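Got the model loaded in your viewer? Here is a short tour of what to select, stop by stop.

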Amino acid sequence: MLFSTDDFWCLDMMKKNASRMHVLSVYDLSSSETVQALRSLRQQALKFRFPGKAPEELEVEDDSIMRKVFNLVGGRMSLLTQVVRADDILGEYSGWHFYPD
């Protein structure tokens with residue numbers, strides 16, 4: 001059974017009652033990991049969107065744009081998978097402010 005939450009109290013309550021529960025913490029990706037993940041996910045999203053095009057014809061944004069996306073969204077994978085599906089990843093998500101400046 002898998003529980004996913006950002007709240008600590010669930011872990012605290014379940015840990016008291018569980019005899020063989022293993023706790024695994026999953027953290028957000030670092031800046032370099034996020035850029036690498038964005039590049040890979042974006043390429044997959046473009047292949048899915050344009051199935052007739054050859055992989056070398058699909059242009060993935062450069063690292064500077066990927067770093068701007070990281071500054072806007074952070075390293076949370078669930079948000080990154082939403083961002084890579086957008087037509088213009090910076091234009092569509094430039095209004096997002098998940099992390100205070």
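Start by selecting arginine 42 and valine 84: the side chain of arginine 42 reaches the backbone oxygen of valine 84 at 2.6 Å. That fits a polar contact, a pair of N or O atoms within 3.5 Å; within protein, one must be able to donate a hydrogen and the other to accept it, and residues adjacent in sequence count only if both atoms are side-chain atoms.

A quick note before you click on: this is a predicted model, where local features need pLDDT of at least 70 and side-chain atom pairs count only at pLDDT 80 or more, while totals for chains, interfaces and linings use all residues. Residues are numbered from 1 along each chain as its sequence is written, and side-chain values use heavy atoms, with hydrogens and water left out.

Stay on arginine 42. Is it buried or exposed? Arginine 42 counts as buried because its relative accessibility is 2%; buried means under 20% relative accessible area, exposed over 50% and partly exposed in between, using a 1.4 Å probe and protein chains only. Now show what is around arginine 42: leaving aside neighbours within four places in sequence, its contacts (heavy atoms within 4.5 Å) include Val60, Glu61, Met66, Val83 and Asp87.

Next, colour helix α2, residues 31-49, where arginine 42 is found. Helices here are DSSP runs of H or I with at least four residues, strands are E runs of at least two, and both are numbered from the N terminus.

Add helix α3, residues 63-73: the axes of α2 and α3 come within 9 Å and cross at roughly 115 degrees. Those axes are lines fitted to C-alpha atoms, for helices over the stretch in contact, and angles run from 0 to 180 degrees between N-to-C directions. So α2 is roughly perpendicular to α3, a label for angles of 65 to 115 degrees. To see who touches whom, select Ser31, Thr34, Val35, Leu38, Arg39 and Arg42 on α2, then Asp63, Met66, Arg67, Val69 and Phe70 on α3.

One of those deserves its own click: threonine 34, also found in α2. Threonine 34 is buried, with a relative accessible area of 0%. Leaving aside neighbours within four places in sequence, threonine 34 is in contact with Leu29, Phe70, Gly74, Gly75 and Leu80.

Finally, zoom out. The protein chain has 5 helices and 0 strands. Of its 101 residues, 23% count as buried.

Conventions:
Parallel < 35°, antiparallel > 145°, perpendicular 65-115°, else oblique.
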